[in-house]
Amino acid sequence: MSLLLQGCFVSLIFACFAQDNLDYEVSLANGLGSRLATTLWLQPAFCFYENWLRQSSNKYLIKRETASIHVEVMEEGNNATYTAVDTHSIPLCGILFPEPQDISEYGYQLGPDMLCKNNTCTVQLLPRKNYRVRYILYNEEGTAVAASSWSQPLQTRDVQDFRTINVGLEARSGGMVVITVLLSIAMFFLLIGLAIALIIKRP
């Protein structure tokens, strides 16, 4: 009987601290600057905490004021996982005001550095690589309480080699071509005018 009670007690403890998996979509922040060569800007975890509250039976494990969001990263083709340098407080469930134009004012920054899970090393996001991301909800004691599903592959931009940039006439805009042609014509007539003036001044 005592063994049965001990088994029930262990099962209860395990159930209390088991990590919940939530069907939550992680995506890039809005804006053109959300995807750079060594940095990705992520949409904040709006309503992630609220979704966990609706599904979890262990609501007493975590309080909104002391909870935090961690960003976990996995490079595609590599099973190793890393964490973003910054952690985040629980955001409001939705945006009450228009998003700022500057993504850095509200987005979650991923990169250029990432931390190994045991904090013993630092790695960098690489250009033109696919990464999957998920959010982890932690309580005050630093225990993972819930995790979102992994995102779709998010690709960093490529770094353009300056030696491949085309600086020829075809790479210029139409306005630059027109200005160049007009200056060339003006210089041609100026040279002709100078030549005529020299001829006229001769005795």
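Which residues of the largest nonpolar core touch the most other members? In this predicted model, the largest nonpolar core holds 30 residues, and Leu110, Tyr135 and Leu137 are the ones that touch the most other members. The elements β2, α2, β3, β4, β5, β6 (113-116), β8 and β9 (144-148) each contribute at least two residues to this core. Strand β8 provides the largest share, namely 4 residues. The surroundings of Leu110 can be listed in detail: when residues up to four places away in sequence are set aside, Leu110 is in contact with Thr38, Thr39, Leu40, Leu42, Val73, Ala84, Leu125 and Val133.

Aromatic pairing was examined next. The structure contains 5 aromatic pairs. In one of them, the ring centres of Phe188 and Phe189 are 5.6 Å apart and the planes meet at 70°, so this pair is classed as edge-to-face. The relative accessible area of Phe189 is 55%, and the residue is therefore exposed. Ring pairs also connect Tyr24, Phe48, Tyr108 and Tyr135 into a cluster. Tyr135 thus appears in this cluster and also among the core residues that touch the most other members.

Covalent cross-links are provided by 2 disulfides. Cys47 is bonded to Cys93, with the sulfur atoms 1.9 Å apart. This bond links distant parts of the chain, since Cys47 lies in the loop between β2 (40-42) and α2, whereas Cys93 lies in the loop between β4 (81-84) and β5 (108-110), 46 residues apart. The torsion about the S-S bond of Cys47 and Cys93 is about 100°, which means that the disulfide is right-handed. Cys93 has a relative accessible area of 42% and is partly exposed. The other bond joins Cys116 to Cys121, with an S to S distance of 1.5 Å. Here the value about the S-S bond is -75°, and the link of Cys116 and Cys121 is left-handed. The two partners differ in their exposure: Cys116 is buried at a relative accessible area of 9%, while Cys121 is partly exposed at 32%. With bonded cysteines counted along the chain, the disulfides follow the pattern 1-2, 3-4.

Charged side chains form 6 salt bridges across the whole structure. Arg64 pairs with Glu50, and the closest N and O atoms of the two are 2.6 Å apart. Arg64 is located in the loop between α2 (48-55) and β3 (68-75), and Glu50 in helix α2, so that the salt bridge links distant parts of the chain, 14 residues apart. Arg64 is partly exposed, with 26% relative accessibility, whereas Glu50 is buried, with a relative accessible area of 17%.

A further salt bridge is formed by Lys129 and Glu75, with an N to O distance of 3.9 Å. Lys129 is placed in the loop between β7 (122-124) and β8 (130-138), and Glu75 in strand β3; this pair, too, links distant parts of the chain, 54 residues apart. Lys129 is partly exposed, with a relative accessible area of 34%, and Glu75 is buried, with a relative accessible area of 19%.

Asp158 and Arg128 also form a salt bridge, their closest N and O atoms being 3.8 Å apart. Because Asp158 lies in the loop between β10 (154-155) and α3 (174-201) and Arg128 in the loop between β7 and β8, the pair ties together parts that are 30 residues apart in sequence. Arg128 is exposed, with 57% relative accessibility. In addition, Glu72, Lys117 and Arg134 are joined into one network by salt bridges that share partners.

The environment of one polar residue was also examined. Ser34 is situated in the loop between β1 (20-22) and β2. At a relative accessible area of 5%, Ser34 is buried, because values under 20% fall in that class. A polar atom of the Ser34 side chain lies 3.3 Å from the backbone oxygen of Ala29. Residues up to four places away in sequence aside, Ser34 touches Leu28, Ala29, Thr39, Leu40, Trp41 and Ile103. Thr39 and Leu40 are contacted by Ser34 and also by Leu110.

Technical notes. Residues are numbered from 1 along each chain as its sequence is written. This is a predicted model: local features need pLDDT of at least 70, side-chain atom pairs count only at pLDDT 80 or more; totals for chains, interfaces and linings use all residues. Side-chain values use heavy atoms; hydrogens and water are left out. A salt bridge is a side-chain nitrogen of Lys or Arg within 4 Å of a carboxyl oxygen of Asp or Glu. Buried means under 20% relative accessible area, exposed over 50%, partly exposed in between (1.4 Å probe, protein chains only). Rings of Phe, Tyr and Trp (its six-membered ring) pair if their centres lie within 6.5 Å; planes under 30 degrees apart count as stacked, over 60 as edge-to-face and the rest as tilted. A disulfide is a pair of cysteine sulfur atoms within 2.5 Å. A polar contact is a pair of N or O atoms within 3.5 Å; within protein, one must be able to donate a hydrogen and the other to accept it, and residues adjacent in sequence count only if both atoms are side-chain atoms. Contact means heavy atoms within 4.5 Å. A nonpolar core is a set of buried Ala, Val, Leu, Ile, Met, Phe, Trp, Tyr and Cys residues joined through side-chain atoms within 4.5 Å.
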